[in-house]
2 protein chains.
Amino acid sequence: MTPPPNATRTTKPPYHHGDLPRALVAAATRLIEDGAGAQVTLRAAAEAAGVSIAAPYRHFESREALLAAVLIEGFHELTQRMEDARAAATEPLAALAATGLAYVRFAADRPALYRLMFSPACDKAAFPELMDAGHASLAVLQDAVRDARRQLGITEEAVARVALSGWSLTHGLASLYVDGLLADARPAEALDALAQGMIATLIAGLRAS
Amino acid sequence: MTPPPNATRTTKPPYHHGDLPRALVAAATRLIEDGAGAQVTLRAAAEAAGVSIAAPYRHFESREALLAAVLIEGFHELTQRMEDARAAATEPLAALAATGLAYVRFAADRPALYRLMFSPACDKAAFPELMDAGHASLAVLQDAVRDARRQLGITEEAVARVALSGWSLTHGLASLYVDGLLADARPAEALDALAQGMIATLIAGLRAS
DNA sequence: AGCCGATGTTATCCTTGTCAACATGACCCC
DNA sequence: GGGGTCATGTTGACAAGGATAACATCGGCT
């Protein structure tokens with residue numbers, strides 16, 4: 001798994017070692033999910049990628065920059081999952097609920113990564129690309145809300161605010177889950193059920209206004 | 001400010017230096033809020049408290065333990081604020097909304113601290129007291145929900161689940177705010193308005209079910 | 001008064017982020 | 001094909017910071 005299969009190979013293969021940037025991101029991701037969490041060490045990532053300690057600096061300005069790259073990829077995956085879920089539904093309200101559910105499921109599937117994506121371990125303001133990736137995820141939810149505007153009975157200007165409500169709700173639930181503050185909701189099914197219930201309640205509240 | 005005035009002196013004054021544990025927690029809190037964030041350094045806290053580098057180890061097992069103490073105090077303050085807000089309202093539904101609003105305001109007032117309180121910088125599972133402090137805050141919200149059970153039209157067994165919804169919503173909003181992902185909602189008033197609207201929507205949704 | 005243990009200090013080690021100086025080898029151009 | 005050039009990778013070193021050990025100090029108890 002160290003040499004990641006050229007899954008979404010968009011950039012041309014760089015130099016003689018292979019794709020070191022990608023290898024480093026993959027190694028760091030793996031380390032994070034294997035328990036290192038926010039304390040991933042640049043040295044460990046370099047070693048896992050099979051290069052020397054200083055090699056990463058040819059591709060990343062700092063440890064934090066590597067972390068940012070990992071998180072950006074995380075946001076891309078999140079965006080993808082939300083888009084897929086949204087596209088699979090046939091009806092706007094169902095699509096909206098599915099989008100929210102996909103969000104929570106992502107957090108449940110990749111808790112360590114999700115945690116870092118919303119942690120001060122990486123100063124988002126310092127990495128515009130990271131901020132953009134985050135906003136791209138939010139945009140999916142906004143689109144889903146816009147599609148369900150009629151069913152929700154809201155105006156176009158309210159879309160952003162309503163999307164924010166949805167994001168807050170799912171993000172809050174997901175955060176509590178990955179932080180272990182949800183003693184119950186242990187099996188993933190329980191979390192799923194909780195998320196679905198909450199989303200339904202919020203939608204009901206919107207329609208009642 | 002190095003020798004902190006014995007503000008809420010509850011433990012007996014220890015030894016000859018004064019109350020070093022408290023001084024360290026205060027110093028660390030200050031450093032965190034002055035921009036150090038999760039990268040507070042044990043050395044800096046020790047220096048700010050006017051003691052040598054190794055002194056903190058007489059009172060805290062590790063840097064993380066000091067951090068945990070800071071966060072515990074943060075949760076206590078959060079609990080207090082929620083309780084005050086809840087007590088000030090005269091009607092159950094208003095009390096519930098006020099409790100949620102107090103939560104968001106705490107995050108807005110002390111963003112750096114709030115951030116750390118829900119970050120992987122400190123492994124909550126390793127500090128039972130920290131976990132307890134967090135649960136105490138949640139308990140306030142649960143009590144507020146229980147008081148409004150009739151108005152919300154929910155059963156006693158649903159209380160925990162509904163409280164969780166409310167916590168998720170407010171925590172999500174607060175998290176997005178302190179993470180700077182809310183480009184809008186800059187002035188605190190906007191955040192207040194957003195929070196109130198969301199809480200009202202959620203309550204409406206609960207009553208509609 | 002004199003002991004004891006809690007508290008604080010000094011010296012030191014180890015990990016880790018970061019940088020500078022050097023090595024290498026792929027690609028381009030003639 | 002051969003040499004130049006620049007991106008890429010390596011070695012070595014430094015500084016910051018967490019952690020510990022050995023020593024120093026001071027208050028309270030007997």
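## Helices α1 and α2 of chain B

In this predicted model, helix α1 of chain B, residues 20-36, packs against helix α2 of chain B, residues 42-49, at an angle of about 120°. The two axes lie 8 Å apart. That angle makes α1(B) oblique to α2(B), and the crossing of the pair is right-handed.

On the α1(B) side, the residues in contact are B:L20, B:A23, B:L24, B:A27, B:A28 and B:L31. Their counterparts in α2(B) are B:A44, B:A45, B:A46, B:A48 and B:A49. Sorted by class, the contact of α1(B) with α2(B) holds 11 nonpolar residues, with no polar and no charged ones.

## Helices α4 and α9 of chain B

A second helix pair in chain B consists of α4, residues 92-109, and α9, residues 188-207. The angle here is about 145°, and the axes are 10 Å apart. As α4(B) passes α9(B), the crossing is right-handed.

From α4(B), the contact draws on B:L93, B:L96, B:A97, B:G100, B:L101, B:V104, B:R105 and B:A108. From α9(B) come B:L191, B:D192, B:A195, B:Q196, B:I199, B:I203 and B:R207. What is the class make-up of the contact of α4(B) with α9(B)? Its residues divide into 10 nonpolar, 2 polar and 3 charged.

## Chain A: elements and extent

The secondary structure of chain A comprises 9 helices and 0 strands. Read from the N terminus, its elements therefore run α-α-α-α-α-α-α-α-α. Along the principal axes, the C-alpha atoms of chain A fill a box of roughly 60 × 40 × 30 Å.

## Relation of the two chains

A turn of 180° with a shift of 0.0 Å along the axis lays chain A on chain B, with an RMSD of 0.0 Å. This is the relation of a two-fold axis.

The copies meet through the same surface, because 100% of the interface residues of chain A are also interface residues in chain B.

## The interface between chains A and B

The size of an interface is often given as the accessible area lost when the parts come together. Between them, chain A and chain B bury about 2,900 Å². Carbon and sulfur atoms account for 71% of that area.

How many residues does the contact take from chain A and from chain B? Chain A gives 33 residues and chain B gives 33 residues. Within chain A, A:P120, A:L164 and A:L181 supply 20% of the area that this chain buries against chain B. No other three residues supply more.

Key. Residues numbered from 1 in each chain as written. Chains lettered and ligands numbered in written order. Predicted model: local features only at pLDDT ≥ 70, side-chain atom pairs only at ≥ 80, totals over all residues. Heavy atoms only, no water. Axes fitted to C-alpha atoms, helices over the stretch in contact; angles between N-to-C directions. Helix = DSSP H or I, 4+ residues; strand = E, 2+ residues; numbered from the N terminus. Parallel < 35°, antiparallel > 145°, perpendicular 65-115°, else oblique. Left-handed = near helix turned anticlockwise from the far one by under 90°. Contact = heavy atoms within 4.5 Å. Nonpolar A, V, L, I, M, F, W, Y, C, P; charged D, E, K, R; others polar. Least-squares fit on C-alpha atoms with pLDDT ≥ 70 in both. Buried area = accessible area lost by both parts, 1.4 Å probe.
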